[in-house]
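Subject: Structure handover

Dear colleague,

Here is the structure I said I would pass on. My notes on it follow below.

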Amino acid sequence: MIAAEFDFAYLMQQIVSGLAAGGIYALLALALVIIHRSTGVINFAQGEMATLSAYICWALIASHGWAYWPAFVATLVLSFAGGIAVHRVVIRPVEGGSVLRIVIVTIGLLIAINGFVIWQWSGEPQQLESPFGTNVVTIGDVVVLSHYIGTIAVAVAIVLLLWLLFRFTKVGLALRAAAVNPDEARLVGVRVTWMLALGWGLAATLGAVAGVMTAPIVGLDPNMMAAVLIYAFAAAVLGGIDSPMGAVVGGLLLGVILSLLTYMSQYGAFDWYSEELSLPIALLVILVVLLVKPSGLFGKPEVKRV
Amino acid sequence: MSPRTQRTIGFVAFAGLVALVVVLPSFVSDFKAQQYAYVAIYLIALLGLNILTGYTGQISLGHGAFMAIGGYTTAILMAGNEPSLACSACDGPIGGGLKDVWTLPIAAVVAGLVGLAFGLPALRLSGLYLALATFAVAVAFPSAVKRFEGFTGGGQGINLSEEPELTGVSGVTILGKSLTFYEWLYYLSWSIALVAFAVAWLVVRGRAGRAFRAVRDSETAAVSSGVSLARYKTLAFGISAAYAGLAGGLFAIANTFVNPDTFPIALSIFLLIGIVVGGLGGLSGLVFGAIFIAFLPQWAQGQDLGALLPNFLVQGGDIGGWFFKGTGAPGGPAIVYGVVLILLMFVLPNGVGGLFRRAGQVISRRRPSRGG
């Protein structure tokens with residue numbers, strides 16, 4: 001790369017696209033956190049569930065002629081129901097046993113859903129349009145794709161809604177209670193298993209939004225969420241695996257860091273850097289953070305009673 | 001069942017396994033012999049991973065990387081970094097030319113040392129944080145391999161079949177008996193696997209094994225009983241990585257070729273599947289775990305999803321016909337694989353090893369016990 005002159009507008013562009021990618025990581029990371037709080041595992045199938053949702057949205061638009069927003073809403077509803085179904089049918093039978101057993105079940109789910117998507121819609125990449133069009137938005141000197149702005153807006157809106165749900169509604173309180181202390185929650189009349197199922201439904205819905213927002217950027221493809229899931233996992237761990245706040249901050253931080261790495265390498269700052277190193281470097285950064293702060297940025301250190 | 005009868009049964013079963021390993025090649029084709037060699041290689045890796053995850057309770061999502069370290073050690077020691085396969089300017093310190101079998105101990109030691117070194121920082125992490133850290137290693141490894149091209153051959157990898165005098169590619173003669181490459185591979189991997197099995201058994205039943213289990217069950221309790229967490233967690237990492245390195249070296253020999261894609265991230269996941277299917281915290285079940293990860297993908301490949309579903313779902317009916325595609329569509333095998341894996345977790349909560357233990361309990365309960 002030839003070292004170019006410093007360009008403030010370009011830097012801002014990179015930051016905005018980093019925030020958009022980070023918003024997607026944050027949504028998926030939130031989904032992981034919600035499931036981890038309730039079920040105690042990382043849902044490895046989260047990315048594939050999101051891919052399936054994106055395909056459903058695409059199929060409704062492309063093969064059934066729906067308009068974008070109705071298809072979007074229908075996808076969210078279907079994903080919510082699907083998440084609940086996954087919990088009831090696949091996860092409940094193995095709950096309470098070894099954590100690794102649940103992990104393997106989610107891996108089985110990952111493989112099966114991935115196979116299903118290829119089976120149903122073939123492995124060929126498809127194009128899911130962005131609801132925000134392909135225009136560019138100009139703010140001062142800074143030119144940004146409207147899809148990035150839209151993605152950031154959607155992510156912020158969803159996080160806000162989720163916060164309202166958890167903070168101010170009775171269902172939200174019950175959800176938190178079921179996750180933090182299932183036994184006592186049951187004693188005060190919370191229907192814990194349904195709350196856990198609801199958590200899976202919410203996570204699937206968040207994943208659906210992430211999937212639908214990712215597809216216009218990377219192209220709709222059966223494996224499109226694989227890398228995103230790793231970033232989301234990293235973001236969730238960086239923020240502290242049980243902290244929703246941490247997931248959001250971790251996701252945005254990761255998106256911006258990766259984007260800045262690309263930016264700086266274009267100025268010849270790191271001539272050893274190449275795009276394929278972004279994943280290892282992101283993970284390395286996170287490792288260093290974890291070694292200093294083993295329970296993540298926002299996580300609480302585990303206290304054990306003997 | 002008293003520990004003594006239990007041990008006797010164990011010995012008998014092990015002897016049976018040895019006998020089976022010895023006679024099996026007379027009954028199977030050359031191609032199958034190669035596949036069974038892979039079962040032995042997976043078994044070695046699973047033994048190592050189970051010492052770390054099943055016995056010590058430390059989840060590793062990156063054992064494929066330790067296998068890769070072993071595989072590359074073997075490959076580099078055998079082929080060296082000749083100018084033809086890397087870059088013409090590099091003159092590495094290693095000339096290669098070591099015979100395949102002799103590279104294996106070195107592969108195990110190198111991977112074991114890396115494991116020990118990795119175990120130290122890993123002490124600060126537990127649970128999912130450790131899982132992510134190990135996963136990071138597995139993800140980063142291919143990039144590292146491509147980065148140090150002069151040493152590893154970069155993306156092109158290292159081809160081992162170009163040195164026929166170092167490998168058994170063109171057949172081997174041992175004790176006057178001539179073997180094809182696959183037969184040689186089979187006997188080599190299984191003899192190593194059986195020794196590795198015996199060593200693992202000695203490790204987990206001894207002092208170290210007790211300490212591992214104490215750490216797994218409760219770190220606090222282990223520390224209060226005088227078990228050094230740092231020492232035993234690092235030790236578990238080292239042993240486990242050495243096993244993985246050994247398996248990786250064998251894998252390279254069996255594959256006659258290594259490149260970054262030889263040890264993909266999925267390999268780490270498959271190893272984890274293998275120990276859970278085989279049974280965490282047990283050794284005998286791992287044979288089935290190894291068979292599972294070696295053969296299930298192929299078995300699933302051979303299954304026709306259309307044939308597994310009821311007829312009316314595939315052909316008849318608008319909904320069924322639309323939803324369930326006909327026969328042989330791509331992606332079907334993956335669906336079968338995933339569903340089988342999930343069902344297996346339903347019916348075998350503690351893996352095949354757990355099934356063995358339960359069978360043992362049922363048998364011992366039926367027999368009247370002497371002396372209460």
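What percentage of the 306 residues in chain A is buried? The answer is 51%. Please keep in mind while reading that this is a predicted model.

Chain A

Chain A holds 11 helices and 2 strands. Their order along the sequence is α-α-α-α-β-β-α-α-α-α-α-α-α. The radius of gyration of chain A is 20 Å, and the globule rule gives 19 Å for 306 residues, so the chain is as compact as a globular protein of that length. The C-alpha trace of chain A spans about 65 × 55 × 35 Å along its principal axes. Of the contacts in chain A between residues at least 6 apart in sequence, 74% join residues at least 24 apart.

One helix of chain A that I looked at is α3, which covers residues 68–91. It has 24 residues, and its first and last C-alpha atoms are 32 Å apart, close to the 34 Å expected at 1.5 Å a residue. Its buried residues include A71(A), F80(A), G82(A), G83(A), H87(A) and I91(A). The buried residues of α3(A) pack against α1, α2, α4 and α8 of chain A, and also against α16 of chain B.

Chain B

Chain B comes to 17 helices and 4 strands. Buried residues account for 48% of its 372 residues. Among contacts in chain B with a separation of 6 or more, residues 24 or more positions apart make up 77%.

Helix α2 of chain B runs over residues 30–55. At 1.5 Å a residue its 26 residues should span 38 Å, and the end C-alpha atoms are 36 Å apart, which agrees. There is nevertheless a kink of about 35° in α2(B), centred on L49(B). The helix is mostly covered, with 21 of its 26 residues buried. Just after α2(B) comes G57(B), which takes a positive phi of about 80°.

Two residues of helix α10 in chain B are also worth a look. L246(B) is found in this helix, at residues 229–255. It counts as buried because it has 29 C-beta neighbours inside 10 Å, and 20 are enough. Leaving aside neighbours within four places in sequence, L246(B) is in contact with I44(B), G70(B), L104(B), A107(B), A108(B), I192(B) and A196(B). L246(B) and A266(B) are 20 residues apart in sequence, and their C-alpha atoms are 19 Å apart in space.

I253(B) is also placed in α10 of chain B. With 30 C-beta neighbours inside 10 Å, I253(B) counts as buried. I253(B) and L185(B) are 68 residues apart along the chain, while their C-alpha atoms are separated by 8.3 Å.

Where the chains meet

How many residues does each chain give to the contact? Chain A gives 39 residues and chain B gives 32 residues. On the side of chain A that touches chain B, the elements giving two or more residues are α4 (99–121), α9 (225–239) and α11 (278–292). The largest share of that side, 15 residues, comes from α4(A). By type, the residues on the side of chain A divide into 29 nonpolar, 7 polar and 3 charged.

P330(B) touches chain A from a loop: P330(B) lies between α15 and α16 of chain B, and touches I118(A), W119(A) and G123(A), not counting residues up to four places away in sequence. Is P330(B) buried or exposed? P330(B) counts as exposed, because it has 12 C-beta neighbours inside 10 Å. From P330(B) to A208(B) is 122 residues in sequence and 48 Å in space, C-alpha to C-alpha.

The core

The largest nonpolar core has 229 residues, and those with the most contacts inside it are L28(A), A234(A) and I44(B). The element that gives the most to this core is α2(B), with 17 residues. A234(A), leaving aside its neighbours within four places in sequence, is in contact with L254(A), A282(A), L283(A) and I286(A) in chain A and with L132(B) in chain B. I44(B) is one of the residues in contact with L246(B), described above.

Regards

Conventions
Residues numbered from 1 in each chain as written. Chains lettered and ligands numbered in written order. Predicted model: local features only at pLDDT ≥ 70, side-chain atom pairs only at ≥ 80, totals over all residues. Expected span 1.5 Å × (residues − 1). Bend = angle between axes of the 7 residues up to and from the residue. Contact = placed C-beta atoms within 7 Å. Nonpolar A, V, L, I, M, F, W, Y, C, P; charged D, E, K, R; others polar. Rg over C-alpha atoms; globule rule 2.2 N^0.38 Å. Core = buried A, V, L, I, M, F, W, Y, C linked by C-beta atoms within 7 Å.
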